Amino acid sequence: MVEEFMLLANISVAAQIHKHFPAMAFLRRHPPPFESQFEMLQEALAQRGMQRLAISSSKALAESLDAAKDPSDPFMNTLVRMMTIRCMQQAKYFVSGELPYPEFRHYGLATDIYTHFTSPIRRYADVLVHRQLAATLGLCSISIGMSDKNRQHEAADNINYRHHQAQQAGRDSNALYTGFFFKGRVEKCEGYVIFKRENGVVVFVPKFSIEGIVWHDELQGKSLKVFDKVKVEITISSDEACRNKVVIKMADNKRKGAEVDTKAVEIKKEQPQKKRRKTKPAAST
C-alpha cells in the first residue's frame, strides 16, 4: 500500500509541474521495448515449448511472465524474467519540452506521465522536482537556472549519465569481490545457456549469480540451445598484471574455458621456491 501511494504521489506531482511548466517540467519516461530486442528470447521460448511473451503493454507482459513456467524446472521463470529485463529499454529523465506528450509514457508503470518526487534525500532529480512543485504552489519563485530549458536538459543528461556510471560501479564491485571469493577454490555447479554467440555461449550460474563465455573449442562439438542446462567448473586465475579472472569451463573438460575480468586486484605474491617459466597472460572477456 505504501508503494502504491508513493507511485500516486509521483504521478500527481508530474501532472502538476507539467501543467505549470509545460516546457520545463523535470520528468521520467520509460520507452516501450522493441520487438527486435525480444527475438532471441521469443525463439528460445518457442523451442522450449513455452508461450511467446506479449509485450504490447506492461500488463500483458506481466501476465505472460506469470505463465512462463516449466514444471520440471522451478528456476525457469526466474531466468525468463531476468532475460526479459535485459531486453527492455532504460528509463530516463528528460525535460517535457523535448518530446510530444505521447512519448512521456512510462511503460513499466503503465502511466502517461511520471517523475521522481518521493526520495529527495537520495536522488538529486527529486530535489529539482521539489523546487518546481514549490514554485507551482507559490511557496517560492522559480530560479533562473530552472527556468532555462537548456540547463534543465543538461541536468537531465548529467543525472542519466551518473546513474549509468553508478550501475557500472556496482557491477565492477561485484566482479572484484567475486574474484576474492573464488581465489583458491574450484566449484562445480549447474548453469544455464542464456545467449549464443558465434564464438561460444554465455552461461549463467544461479548459485553464484555470475556469467561468462564458454568458447566453442571448450564445447568440443556439443550443440547447445538457449535455456539448456550445463555442468560447469568455476575457478580463479591471475595474470602477470595481478588481475583476478574467473574461469568458467565445461566440467570434466581439460581445455581452456571462459574468463571474466573481475577488475584489477592487488595480489600479494609469495616468494617462489624455484624460477618458473613465464606464461602468456590469458585474455580477459
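Guide: A salt bridge is counted here when a side-chain nitrogen of Lys or Arg lies within 4 Å of a carboxyl oxygen of Asp or Glu, and the structure to which this is applied is a predicted model.

Visitor: Which side chain of opposite charge is nearest to R28, and how far away is it?
Guide: R28 belongs to strand β1, residues 26-29, and is buried without a salt bridge. A salt bridge requires nitrogen and oxygen within 4 Å, whereas the nearest side chain of opposite charge to R28 lies well outside that limit. That side chain and its distance are D126, 8.5 Å.

Visitor: Over the face of which residue does R28 lie?
Guide: Beyond its neighbours within four places in sequence, R28 is in contact with residues including F94, F104, Y114 and Y93. The ring concerned has its centre 4.5 Å from R28, and it belongs to Y93.

Visitor: How are the planes of Y177 and F180 arranged: stacked, edge-to-face or tilted?
Guide: The two residues are 3 apart in helix α6 (residues 149-182), which means that about one helical turn separates them. Y177 is exposed, at 55% relative accessible area, while F180 is partly exposed, at 42%. Their ring centres are 5.7 Å apart and their planes make an angle of 55 degrees; since stacked needs under 30 degrees and edge-to-face over 60, the pair counts as tilted.

Visitor: How many residues apart in sequence are the parts that R48 and D70 tie together?
Guide: The side chains of R48 and D70 meet in a salt bridge with an N to O distance of 2.9 Å. R48 lies in the loop between α2 and α3, and D70 in the loop between α3 and α4, so the parts tied together are separated in sequence by 22 residues.

Visitor: Is D70 buried or exposed?
Guide: Its partner R48 is partly exposed, with 31% relative accessibility. D70 has a relative accessible area of 16%, and because the limit for this class is under 20%, D70 is buried.

Visitor: Which residues are joined into one network by salt bridges that share partners?
Guide: K229 forms a salt bridge with D73, the closest N and O atoms being 3.8 Å apart. This pair links distant parts of the chain, with K229 in strand β6 and D73 in the loop between α3 and α4, 156 residues apart. K229 is partly exposed at 42% relative accessible area, whereas D73 is buried at 6%. Salt bridges with shared partners make one network of D73, E190 and K229.

Key
Residues are numbered from 1 along each chain as its sequence is written. This is a predicted model: local features need pLDDT of at least 70, side-chain atom pairs count only at pLDDT 80 or more; totals for chains, interfaces and linings use all residues. Side-chain values use heavy atoms; hydrogens and water are left out. Rings of Phe, Tyr and Trp (its six-membered ring) pair if their centres lie within 6.5 Å; planes under 30 degrees apart count as stacked, over 60 as edge-to-face and the rest as tilted. Helices (H or I, at least four residues) and strands (E, at least two) are DSSP runs, numbered from the N terminus. Buried means under 20% relative accessible area, exposed over 50%, partly exposed in between (1.4 Å probe, protein chains only). A charge sits over a ring if NZ of Lys or CZ of Arg is within 6 Å of the ring centre and within 35 degrees of the ring normal. Lys and Arg count as positive and Asp and Glu as negative; His and the chain ends are not counted. Contact means heavy atoms within 4.5 Å.
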